[in-house]
Amino acid sequence: MQRFAAHEFLETQEALRSKHAAIEMHGVLAEMAQDPQLTGIINRHQQLIMNAYQQGISLLQGKGFNIAPAPIQLRVAQPTAVGLNHPQMAAPNPHPTRLSDMTIATLMLNWHKAGSAIGMLWAAECVDPGIRQYHVNGANACQQMAYETWQYLNAKGYYQAPQLADHTMNTMINAYQPQQQMLL
């Protein structure tokens, strides 16, 4: 049996519990989603999480895993829209019988964003190179799934990206000065 440091072992247990919950959550969300495009995203993400869950179990059982992260193919519906286009937000429904596609995608986005941040934090606590890479791969997969989810939200107009005026951006950029060559 392979021996692990306490931090990395406990954090990997936490990661596996989180992946377990994410698999079930994605199953519920896929059942509720109305948009076939969103259902496809959810199912793809669920499969990636299921694969990562199995890899984590194999790693802890001493069976190893493929350290190289599996390539994740983002599916972009259209180019990102930057700027606001009459944004509107409906009031939340405190008693829904079904979640809206916007709510489903927002839950996924926030879940994946949090997974990316915490996965990298877990990686920084690991001493075993395999466990460390497992968490780095998980963090990277989460940020990629978050970006794909954000692109869906953006394409549907649910999550618009505000933009600063050109003169404001130029003023801020021009505030930086290049580093001067140091003389010895």
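**Notebook: helices α2 and α3 and the cores**

I looked first just past α2, where G62 takes a positive phi of about 80 degrees; helices here are DSSP runs of H or I with at least four residues, numbered from the N terminus. I note that this is a predicted model, in which local features need pLDDT of at least 70 and side-chain atom pairs count only at pLDDT 80 or more, while totals for chains, interfaces and linings use all residues. Residues are numbered from 1 along each chain as its sequence is written, and side-chain values use heavy atoms, with hydrogens and water left out.

At the N-terminal end of α2 I found D35 as the cap, with a side-chain oxygen 2.9 Å from the backbone nitrogen of Q37. I then listed the buried residues of α2 (under 20% relative accessible area, 1.4 Å probe, protein chains only), and among them are L38, I42, H45 and Q46. These buried residues pack against α1, α3 and α4.

For α3, residues 101-124, I read a reach of 35 Å from the first C-alpha to the last, close to the 34 Å expected at 1.5 Å a residue. Its buried residues include D101, I104, M108 and H112, and their cover includes α1 (6-32), α2 (36-60) and α4 (129-155).

I next looked up the largest nonpolar core (buried Ala, Val, Leu, Ile, Met, Phe, Trp, Tyr and Cys residues joined through side-chain atoms within 4.5 Å); of its 17 residues, L29, L38, I42, I104 and M108 touch the most other members. The elements giving two or more residues to this core are α1, α2, α3 and α4. Another core, of seven residues, lies apart from it and includes L16, C126, I131 and Y134.

Note on methods
The expected span of a helix is 1.5 Å times one less than its number of residues. Buried means under 20% relative accessible area, exposed over 50%, partly exposed in between (1.4 Å probe, protein chains only). Contact means heavy atoms within 4.5 Å. A polar contact is a pair of N or O atoms within 3.5 Å; within protein, one must be able to donate a hydrogen and the other to accept it, and residues adjacent in sequence count only if both atoms are side-chain atoms.
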